[in-house]
Amino acid sequence: MNLFEEYKWRGTIHDATEQIEAVLAREKVTAYAGFDPTAASLHVGSLLPLMQLARLQKHGHSPIVLAGGGTGLVGDPSGKTAERQLLSYEQVEQNLIGIKPQLEQFLDFEVKTNPAKLVNNAEWLASITMMEFLREVGKNFTINMMLAKESVRRRYNAGDGISYAEFAYMLLQAYDFYVLNDRYNCTLEIGGSDQWGNITAGIDLIRKKAGRLAHGIVFPLVTNASGTKFGKTEAGTVWLSADMTSPYRFYQWALNTDDRDVINYLKYFTWLSKDEIHDLAQEVETAPEKRNAQRKLAQEITRTVHSEEAVISAEKASKVLFGGAIAGLSKREVMDIFEDIPTCAIERAKLSGDGFTVLDLLADSGIVKSRGEGKRMLQGGGLYINNERAGNPDDKVTLDHAIEEE
């Protein structure tokens, strides 16, 4: 399969310009996708464009990641019902620092033939004057055409309308495509379906100013069967940064994927072949209780975003909830696993030296209402310390039982 054919079978083409399928079948192209640095990390909503760029590079094409150091100061109205909060220059710069290592998990910036490039649009947007922008870009677009774009029209008709800053975002993105076409011979822009109007605006600008043909591909916006926005959980956004969403939490998020979504997600977010995904799809139909497809998704996606070591650690941590050994886990991992489970604090002094008895631990923690109840729990084998059964009420609990002695 060529790139376009792979995009099609994976279900990642929502719309495309007329000639791009033939172009991708006969030549290598340079393509870009933009990411505005609105937070210190990318989130799982960025997974599909990142995988689209990664597949593009694997097929021999050249990917450009456009970091929106300039456009991030304004905010894209696409897919939004209200104005974004403006970020400071310092916030945008700090956010950009955190994004590069995440990109390197998906793209090869060192390969000789078609290395990925990271470009910041602040290079040209921060230096162009208002007069230059109006003459070079604004003159090529009519208000009628801009109002016809779906992302603008929806906001324009909403109660609060749309600010001039976000209204002009389309022109900024169009200018990005024009500059990348001029500097790097970039002829393809990819993005979510809500970006179609912005992408075609860039294609029009390139045609009008440079007389060259450019192309666009948009993929469907990822949703789930329950109607919840992809990547949103009760705990909030799922981030690609291990500091903001731990690999264990990331793994668990993928593992909890609905049966109705898991095959699509395997196509979107993994490198598994058509045959491998077909076999997993059959298992979803015949043995859904095994959740093999979800486990494979969690393994593959955690490996791509983090590492093989993160997969091993996440799976080991997952077993702890079902009686697996705690030994070898870090304090952070243990706290992460039991984050949603009731806890209590014990004074460090009580664990120092010889510590105190298991029965005292039960009473002080409030797990039991009386020492008699505690003895009955121990006799019935109902207490485990670090997932090992405790039976003797006089056994001591000390700092040696603590994870990292804390």
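I count two helices as roughly perpendicular when their axes make an angle of 65 to 115 degrees. I need that cut-off for the first entry. The model I am reading is predicted.

**Entry 1: α12 against α16**

I looked up α12 and helix α16, residues 308-320. Their axes come within 9 Å and cross at roughly 75 degrees. That angle falls in the 65 to 115 range, so α12 and α16 are roughly perpendicular to each other. I then listed who touches whom. From α12, the contact uses P247, Y248, Y251 and Q252. From α16, the contact uses A310, A314, E315, A317 and S318. By class I get 6 nonpolar, 2 polar and 1 charged for this contact.

**Entry 2: α12 against α15**

I stayed with α12, which covers residues 247-255, and turned to helix α15, residues 292-305. Their axes come within 8 Å. The crossing is at roughly 145 degrees, and its hand is right-handed. On the α12 side I noted P247, F250, Y251, W253, A254 and L255. They meet Q294, R295, L297, A298, Q299, I301, T302 and V305 in α15. The residues of this contact split into 10 nonpolar, 3 polar and 1 charged. P247 and Y251 appear here and also in the contact with α16.

**Entry 3: the cavity**

Next I went looking for enclosed space. Rolling a probe the size of a water molecule over the atoms shows where empty space is left. How many cavities of 30 Å³ or more does the structure hold? I find 1. The largest cavity has about 40 Å³ of space.

I wrote down its lining: D259, E283, V284, A287, P288, R291, N292, A293 and Q294. Which helix gives the most to this lining? It is α15, with 3 residues. Helix α14, residues 274-286, and α15 each supply at least two. By class, the lining has 4 nonpolar, 2 polar and 3 charged residues. I marked Q294 twice, as it lines the cavity and also takes part in the contact of α15 with α12.

**Entry 4: positive phi**

I checked backbone angles at two residues. R291, already noted in the cavity lining, has a positive phi of about 55 degrees although it is not a glycine. Where is R291 placed? It sits in the loop between α14 and α15. N185 also has a positive phi, near 55 degrees, and is a residue other than glycine. N185 lies in the loop between α10 (169-184) and β5 (186-192).

**Entry 5: α19 against α20**

My last pair was helix α19, residues 358-365, and helix α20, residues 371-379. Their axes come within 9 Å and cross at roughly 125 degrees. At that angle α19 and α20 are therefore oblique to each other. The crossing is right-handed. In α19, I noted V358, L359, D360, L362 and A363 as the contact residues. In α20, they are R371, G374, K375, M377 and L378. Sorted by class, this contact has 6 nonpolar, 1 polar and 3 charged residues.

**Recap**

Right-handed crossings are noted for α12 with α15 and for α19 with α20. The α12 and α16 pair went down as roughly perpendicular. R291 stays on my page as a cavity-lining residue with a positive phi.

Methods. Residues numbered from 1 in each chain as written. Predicted model: local features only at pLDDT ≥ 70, side-chain atom pairs only at ≥ 80, totals over all residues. Heavy atoms only, no water. Axes fitted to C-alpha atoms, helices over the stretch in contact; angles between N-to-C directions. Helix = DSSP H or I, 4+ residues; strand = E, 2+ residues; numbered from the N terminus. Left-handed = near helix turned anticlockwise from the far one by under 90°. Contact = heavy atoms within 4.5 Å. Nonpolar A, V, L, I, M, F, W, Y, C, P; charged D, E, K, R; others polar. 1 Å grid on protein atoms, 1.4 Å probe; cavity = no way out; pocket = protein on both sides within 12 Å on 5 of 7 lines; lining within 4 Å. Points joined across faces, edges and corners; volume = space filled by probe spheres on them. Parallel < 35°, antiparallel > 145°, perpendicular 65-115°, else oblique.
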